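Trainee: Hey, got a minute to walk me through this one? I'd like to know what holds on to what.

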Amino acid sequence: MNANSSLTLLPIDSMAGQLILHHIGIVVPQIRPVLEGVAESLGAHVDSEIIYDPLQQVSVAFMRSVSWGPSIELIEPGGENSPVSNLARTGGGLHHLCYEVTDLETELRTARSRGGIVIRKPLPAVAFGGRRIAWVFTRYKLLLEYLEQTSPSGTEVSSHSNCHPPTMTQQLRR
């Protein structure tokens with residue numbers, strides 16, 4: 001690929017249907033002081049308020065590129081016990097990729113069959129209007145978040161997303 005070619009993100013086929021890249025999660029020590037600057041540096045606009053999710057122990061905010069592509073999610077720890085606290089203390093950085101999936105349970109079975117570890121079972125996410133998310137650590141040490149396309153009632157939801165899983169160390173202690 002050269003500098004003049006463009007990249008088109010297409011859905012990935014899975015045994016459970018299609019995976020669509022929904023957002024890229026980036027941990028920051030605090031969202032408010034960097035939100036506008038990060039958006040400007042990415043050529044994006046802020047697309048949500050700062051949302052606190054007590055189940056995930058994080059606050060999140062979303063931004064969207066002026067061109068087509070996945071959202072960018074900034075993630076701030078919601079306290080010392082937040083699963084992203086350690087990463088935030090070191091300045092933050094890339095945390096995860098989130099894929100929207102048609103069948104969350106089937107996708108988790110597929111991930112397990114490929115050597116993935118489900119580190120957070122499905123639970124509702126405040127930032128997604130109650131749609132469920134689950135977290136998988138792949139055998140290649142990538143953290144993936146899966147977001148179901150519809151709410152538990154079966155209706156399409158078009159809000160943003162996120163929430164955060166326990167670290168591998170926290171999960172292994174359980």
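Mentor: Sure, let's go through charged pairs, a core and a strand residue.

Trainee: Anything I should know before we start?

Mentor: This is a predicted model, where local features need pLDDT of at least 70, side-chain atom pairs count only at pLDDT 80 or more, and totals for chains, interfaces and linings use all residues. Residues are numbered from 1 along each chain as its sequence is written, and side-chain values use heavy atoms, with hydrogens and water left out.

Trainee: OK, how many salt bridges are there in the whole structure?

Mentor: Five turn up in a search of the whole structure. A salt bridge here is a side-chain nitrogen of Lys or Arg within 4 Å of a carboxyl oxygen of Asp or Glu.

Trainee: Which residue does Arg64 form a salt bridge with?

Mentor: Asp47, with the closest N and O atoms 3.7 Å apart. Arg64 lies in strand S5 and Asp47 in the loop between strand S3 (44-46) and strand S4 (51-53), so the pair ties together parts that are 17 residues apart in sequence. Helices (H or I, at least four residues) and strands (E, at least two) are DSSP runs, numbered from the N terminus.

Trainee: And what about Glu105, what's its salt-bridge partner?

Mentor: Arg132, and the closest N and O atoms are 3.1 Å apart. That pair links distant parts of the chain, because Glu105 is in helix H3 (residues 104-113) and Arg132 in strand S9 (residues 132-137), 27 residues apart. Salt bridges that share partners join Glu105, Arg132 and Glu148 into one network.

Trainee: New topic: which residues make up the largest nonpolar core?

Mentor: There are 11 residues in all, including Leu19, Tyr99, Leu104 and Val136. A nonpolar core is a set of buried Ala, Val, Leu, Ile, Met, Phe, Trp, Tyr and Cys residues joined through side-chain atoms within 4.5 Å. H3 gives the largest share, three residues.

Trainee: What does Leu104 touch?

Mentor: Leaving out residues up to four places away in sequence, Leu104 touches Pro122, Arg132, Ile133, Ala134, Tyr146 and Glu148. Contact means heavy atoms within 4.5 Å.

Trainee: Last one: is Val60 buried or exposed?

Mentor: Val60 is buried, at a relative accessible area of 2%. Buried means under 20% relative accessible area, exposed over 50%, and partly exposed in between (1.4 Å probe, protein chains only). Val60 lies in strand S5 (residues 58-65).
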